[in-house]
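Reader: I'd like a close look at one part of this model, please. Take it slowly, and then work outwards to whatever it connects with.

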Amino acid sequence: MRVNENNQKVCAAVAPSLRSGRETSRQKLQRFRTAGCTIDSVLSMGRSELEEMLKPVGFYRRKAEYIQEAAAVLKEKHAGDIPDTVEGLCALKGVGPKMAHLVMQTAFGRTLGIAVDTHVHRIVNRLGWTKTSAPEQTQKRLEEILPREEWARVNKLLVGFGQQICLPVRPKCAECRLKATCPSSSMKEKKKMKKEEDED
């Protein structure tokens with residue numbers, strides 16, 4: 001494997017853990033990549049240096065620890081590459097099913113499941129597509145009801161929507177294009193209240 005291919009795969013492995021809707025976080029991720037996204041460079045960094053690069057990404061101290069521990073495992077057990085299975089990726093500290101599926105899509109071009117995070121889980125439950133209590137349950141249900149060719153698009157479409165419109169608290173229902181059909185839309189309740197007031 002050529003070095004540049006390896007670097008791209010390692011970047012793909014760590015990048016999902018840094019996902020954020022904030023512009024400053026994207027800038028920090030670019031800074032991290034520019035500084036050298038290789039296993040050796042990550043391992044040679046002091047923990048505080050890596051933490052500084054990751055700021056202001058949420059839980060940056062924990063993620064710095066996970067990234068360095070994962071880099072050590074990749075060097076020792078995978079010859080500096082990343083595992084090419086969901087199970088192998090999930091064996092790395094800090095990597096769950098969501099990140100594993102994103103890495104499989106990004107690094108290997110293989111969509112083996114739907115990457116479900118808190119945004120996807122929240123939105124599809126609000127829309128009434130699922131009635132689940134955990135992301136893992138949501139993933140399983142979505143894979144049952146959605147065509148396989150649409151799996152890769154779900155995370156890309158819904159994460160941004162969840163960061164900008166369908167917020168965890170005080171969602172912007174008035175700005176949402178789905179307000180007329182979403183069973184959780186606050187606009188429906190407001191419309192109902194207005195109708196009752198008019199009837200009075």
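Author: Let's settle one term before we dive in: a residue is buried under 20% relative accessible area, exposed over 50%, and partly exposed in between, using a 1.4 Å probe and protein chains only. This is a predicted model, so local features need pLDDT of at least 70 and side-chain atom pairs count only at pLDDT 80 or more, while totals for chains, interfaces and linings use all residues. Residues are numbered from 1 along each chain as its sequence is written, and side-chain values use heavy atoms, with hydrogens and water left out.

The part to look at is helix H5, residues 60-77. Helices here are DSSP runs of H or I with at least four residues, and strands are runs of E with at least two, numbered from the N terminus. H5 has 18 residues and reaches 25 Å from its first C-alpha to its last, close to the 26 Å expected at 1.5 Å a residue; that expected span is 1.5 Å times one less than the number of residues.

Now roll H5 around. Its buried residues are Tyr-60, Lys-63, Ala-64, Ile-67, Gln-68, Ala-70, Ala-71 and Leu-74. Seen down the axis, these buried residues fall within an arc of 165 degrees, so they line one face of H5. (The arc is that of the directions from the helix axis to the C-beta atoms.) The general rule helps here: an α-helix has 3.6 residues a turn, so residues three or four places apart point the same way. On the other side of H5, Arg-61, Glu-76 and Lys-77 are exposed. Just after the helix comes Ala-79, whose phi is positive, near 55 degrees.

What does H5 connect with? Start with the nonpolar core, meaning a set of buried Ala, Val, Leu, Ile, Met, Phe, Trp, Tyr and Cys residues joined through side-chain atoms within 4.5 Å. The largest one has 21 residues, and Leu-50, Leu-54, Leu-89, Val-95 and Val-103 touch the most other members. H5 gives two or more residues to this core, as do helix H3 (39-44), helix H4 (47-54), helix H6 (86-90) and helix H7 (97-108). A second, separate core of 13 residues includes Val-116, Ile-123, Leu-127 and Leu-158.

Then there are the charged links. A salt bridge is a side-chain nitrogen of Lys or Arg within 4 Å of a carboxyl oxygen of Asp or Glu, and the whole structure has 5 of them. Asp-40 pairs with Lys-75, their closest N and O atoms being 2.9 Å apart. That pair links distant parts of the chain, with Asp-40 in helix H3 and Lys-75 in H5, 35 residues apart. Asp-40 is partly exposed at 48% relative accessible area, and Lys-75 is partly exposed too, at 46%. Glu-65, Glu-69 and Lys-93 are also linked in a network of salt bridges.

For a contrast, try helix H9 (residues 135-145). Its buried residues are Thr-138, Gln-139 and Leu-142, and they cover an arc of only 100 degrees, which puts them on the same side of H9. The face of H9 turned away from that side carries the exposed residues Glu-136, Lys-140 and Glu-144. H9 has a salt bridge as well, between Arg-141 and Glu-144 (3.1 Å, N to O); both lie in that helix, 3 residues apart, about one turn.
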